[in-house]
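Biologist: Could you take a close look at how the helices pack against one another in this model, and then follow the description out to the individual residues that deserve a comment? I would like one connected account rather than a list.

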Amino acid sequence: MLVFMLWQAWEQDYGPKHEVAANVNPEGVKSAEDLPLTEGASSQTETAAQNPVSIPVAAVSAAKTVKIKTDVIALEIDMQGGTITNLDLLNYPKEKANTVVNSAREMIGLPVVDTNTSPVRLFNNDPEKIFVAQSGLIADSGSATAPNHYTVFTSAQDSYTLQPGQDSLTVPLTWTDSNGLVITKLFTFSRGSYEITLDQKVRNNSGKAWSGRQYSQLLRAPDTTSKGNMLTGGMRAYDGGVIYTEKNKYQKISFDDMQDETLDVANKGGWTAMIQHYFASAWVPPADQENHFYTKELKDGRYVIGTYSPPVTVAANTDAEFVSHLFAGPKVQPMMEKIAPGLELTVDYSVLTFIGKPIYWLLNKIHSVIGNWGLAIMGVTFCIKLLFFPLSQASFKSMAKMRKIQPRLKELQERFADDRPRFNNEMMALYKKEKVNPLGGCLPILIQIPVFMALYWVLSETVEFRQAPFMLWIQDLSIQDPFYILPLIMGLTMKIQQSLNPAPIDPIQAKVMKMFPIVFTVFFLFFPAGLVLYWVINNTLSIIQQTYITKQIEKAS
C-alpha cells in the first residue's frame with residue numbers, strides 16, 4: 001500500500017501534466033460553454049452557449065478592470081461580466097519571514113533562508129491557474145437579453161479603497177441595453193470581512209415585462225503544482241468542489257466527479273464552493289428560495305460549479321433585485337458559521353470530525369484566554385490527560401505490577417527454557433495470583449489513538465495554526481521544527497517512559513522495543529511542531545504520573 005501511494009504521489013508531482021488547451025477563437029472572444037443552460041432560457045442564451053462567436057462582447061485583453069482594496073483583501077473586477085479575479089488575502093503571506101530562525105542560522109554560519117512574503121492569491125486570472133468568481137443574469141424565453149459574465153459593464157472609477165473609519169464600501173457596475181433594461185451590479189465589502197455581497201438590480205424601462213434568473217459560479221483549473229507535505233502526512237488536503245443542501249448536507253464534488261457526471265439538482269438554500277488547504281471560496285444564494293446546483297467540465301481543462309435561481313418577472317417600469325453572497329478567505333470556523341449553515345464543514349477533519357470539532361472548540365476557548373496557540377495545545381493536552389486519567393491510572397498500575405513481578409517471570413523463563421507450554425501455564429498462574437493483566441496497558445493507548453489522529457487533522461486543517469508562533473525558535477506551529485529540537489526531546493521522553501515499563505521477556509522483542517524511540521524520533525522530525533509539542537507534553541505528564549504510581553506500589557510491597 002505504501003509503495004502504491006508513493007507511486008501515486010510521484011505521478012502527481014513529477015508525472016506528465018495535462019496541458020491546458022489554448023482557447024482558439026478567430027474573433028478573440030471567450031467560449032460560452034460555461035454559461036448555465038436553464039429550462040425556459042431565451043433562445044439568445046442557448047445560441048450563445050452553442051456558438052460563442054455570436055456573443056457581441058469585446059476581447060478579454062480590451063476589457064478594463066477595477067481595483068478594490070479593503071483592510072483584508074485586494075482584488076480586481078473585470079468589466080467583462082463583473083468577474084472577480086486576482087483576489088489577494090492581505091493578512092496571509094505565502095511564507096512567514098522567520099527572523100528568529102535566520103538570526104540563529106547567521107550565528108552558526110548557515111545561509112539565510114529567503115521567504116516569499118507576498119499575500120496568498122486565492123482568485124487568479126493566470127490561464128494556467130485560472131480561478132475566478134463569475135455571476136450574471138439569464139433571460140427567460142420571450143424576454144429581452146440579459147448581461148452574463150461576457151457582457152461589458154461600465155464603472156465610474158478605476159479603483160476603490162476602504163478608507164480608515166469607513167465600515168463598508170460599495171462598487172457599482174452598470175449595463176444598459178437598447179430596449180431600456182438597466183442592470184446595476186453592486187459589490188459591497190465590509191471592514192474585516194471576507195464576505196462580498198452581490199446585489200444585481202434590474203430596472204425595466206423596456207415597456208414590457210422581463211423575466212430572468214441570476215446565476216453565480218466558480219470557474220477553476222485544478223492546481224497540478226501543489227505537492228503533499230508532512231503536515232498532512234505526505235498526502236494532499238482535499239482540493240475541489242463542494243455543495244451543501246438542506247437535504248443532502250455536505251457533499252464533495254471532486255474534479256473527477258465533474259468529469260464523470262454533470263451535476264444538476266434543485267434544493268432549498270445551500271451553497272457551492274471550491275476549497276483547498278486552509279482557504280475556501282463559496283457562493284451563497286438566498287436560503288429561502290429553491291436553488292439549482294450544477295457542475296460542468298469544460299473543454300480546456302477547467303471546471304465550473306455554481307447555482308442559479310428561480311425565475312423572477314419584472315413588470316414594465318418596475319424594479320427587482322437578485323442578491324447572493326461570496327465568501328473568499330481563510331477557513332476560520334467561527335467566521336464561516338455566521339455566513340451560511342454548514343460552511344464551517346469545509347474545514348475537513350475526515351471521519352474523525354465528531355472528535356476533531358470538540359478539540360478545535362477547546363483549543364479556541366483556551367486560545368481566547370491565553371492568546372498563544374502553543375500554550376493552547378499544552379492546555380488541551382492537559383485536558384485530554386485528565387479525561388483519560390482513570391484509564392491511564394489503571395494502565396500504569398498494571399505496568400507497575402508487571403515491573404514488580406518481572407524478576408519472577410525471568411526466573412520462570414530460565415527454569416522452563418526447554419518446556420514452553422509449561423512456562424506459559426506457570427506465567428498465567430503467576431498473573432492470576434498477583435492479579436496482573438498483561439494487556440491492561442493496551443486499552444488506554446488504543447482509546448487515545450483516535451484522539452491523536454483527530455488532533456493531527458485539527459492541526460493540519462485549521463488555518464489558525466498556519467504560521468502561528470509559539471516561543472523561542474518555534475515561530476510556526478504548522479511546519480516542522482527548524483532545528484529538530486522538539487522531536488529530539490520527544491524521543492528522550494519516549495525513552496524515559498519506556499524505561500518505566502516492564503521490559504519484554506523475549507530478548508528479540510526487547511531489542512525491537514528499544515528501537516522504537518529512535519524510529520519515532522525520525523518520524524517526528526518532519527511532523528508539524530504543534531503535533532510534536534502535544535506528544536512531548538503528553539509523554540511528560542505520563543512520566544510524572546507513572547513514576548508516582550510505580551513508587552507507591554513499590555512502597556506498598
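Modeller: I will begin with H9 and H10, keeping in mind that this is a predicted model, and I take the handedness of their packing as the starting point: H9 passes H10 in a right-handed crossing. On the H9 side the contact is made by Arg408, Leu409, Leu412 and Gln413, while H10 contributes Phe423, Glu426, Met427, Leu430, Tyr431, Lys433 and Glu434. Sorted by character, the residues of this contact of H9 with H10 comprise six nonpolar, one polar and four charged. Two packed helices are described by the angle between their axes and the distance between the axes. For H9, which spans residues 406-415, and H10, which spans residues 420-434, the axes come within 9 Å and cross at roughly 160°. Because angles over 145 degrees count as roughly antiparallel, H9 is roughly antiparallel to H10.

One of the H10 residues in that contact, Tyr431, can be followed a little further. Tyrosine 431 has a relative accessibility of 8% and therefore counts as buried. Its C-alpha lies 8.6 Å from the C-alpha of methionine 402, although 29 residues separate tyrosine 431 from methionine 402 in sequence.

The second helix pair is H6 with H7, where H7 covers residues 373-387 and the two axes come within 8 Å, crossing at roughly 125°. That angle makes H6 oblique to H7, and the crossing in which H6 passes H7 is right-handed. From H6 the residues Ile359, Leu362, Leu363, Asn364, Ile366, His367 and Ile370 take part, and they meet Trp373, Leu375, Ala376, Ile377, Gly379, Val380 and Cys383 of H7. The contact of H6 with H7 divides into eleven nonpolar residues, three polar and no charged, whereas four charged residues belong to the contact of H9 with H10.

Ahead of H6, in the loop that connects helix H5 (333-337) to helix H6 (353-370), one finds aspartate 348. Aspartate 348 counts as buried because its relative accessibility is 17%, and the cut-off for that class is under 20%. The side chain of aspartate 348 is joined to the side chain of lysine 252 by a polar contact of 2.4 Å. Leaving aside residues up to four places away in sequence, aspartate 348 touches Tyr238, Lys252, Trp457 and Glu461.

A buried polar side chain in a strand can be set beside this: glutamine 214 belongs to strand E10, residues 210-220, and is buried with a relative accessible area of 4%. A polar atom of the glutamine 214 side chain lies 3.1 Å from the backbone oxygen of valine 323. With residues up to four places away in sequence again left out, the residues that glutamine 214 touches include Gly136, Gln200, Pro286, Tyr308, Phe322 and Val323.

Finally, two tyrosines call for attention to their backbone. Most residues other than glycine have a negative phi. Tyrosine 278, in the loop between strand E14 (271-275) and strand E15 (279-284), has a positive phi near 80°, and with a relative accessibility of 7% it counts as buried. Tyrosine 484, in the loop between helix H11 (442-461) and helix H12 (485-500), likewise has a positive phi, of about 60°, but tyrosine 484 is partly exposed, its relative accessible area being 32%.

Technical notes: Residues numbered from 1 in each chain as written. Predicted model: local features only at pLDDT ≥ 70, side-chain atom pairs only at ≥ 80, totals over all residues. Heavy atoms only, no water. Axes fitted to C-alpha atoms, helices over the stretch in contact; angles between N-to-C directions. Helix = DSSP H or I, 4+ residues; strand = E, 2+ residues; numbered from the N terminus. Parallel < 35°, antiparallel > 145°, perpendicular 65-115°, else oblique. Left-handed = near helix turned anticlockwise from the far one by under 90°. Contact = heavy atoms within 4.5 Å. Nonpolar A, V, L, I, M, F, W, Y, C, P; charged D, E, K, R; others polar. Buried < 20%, exposed > 50% of the residue type's maximum accessible area, 1.4 Å probe, protein only. Polar contact = N/O pair within 3.5 Å; in protein donor to acceptor, adjacent residues only side chain to side chain.
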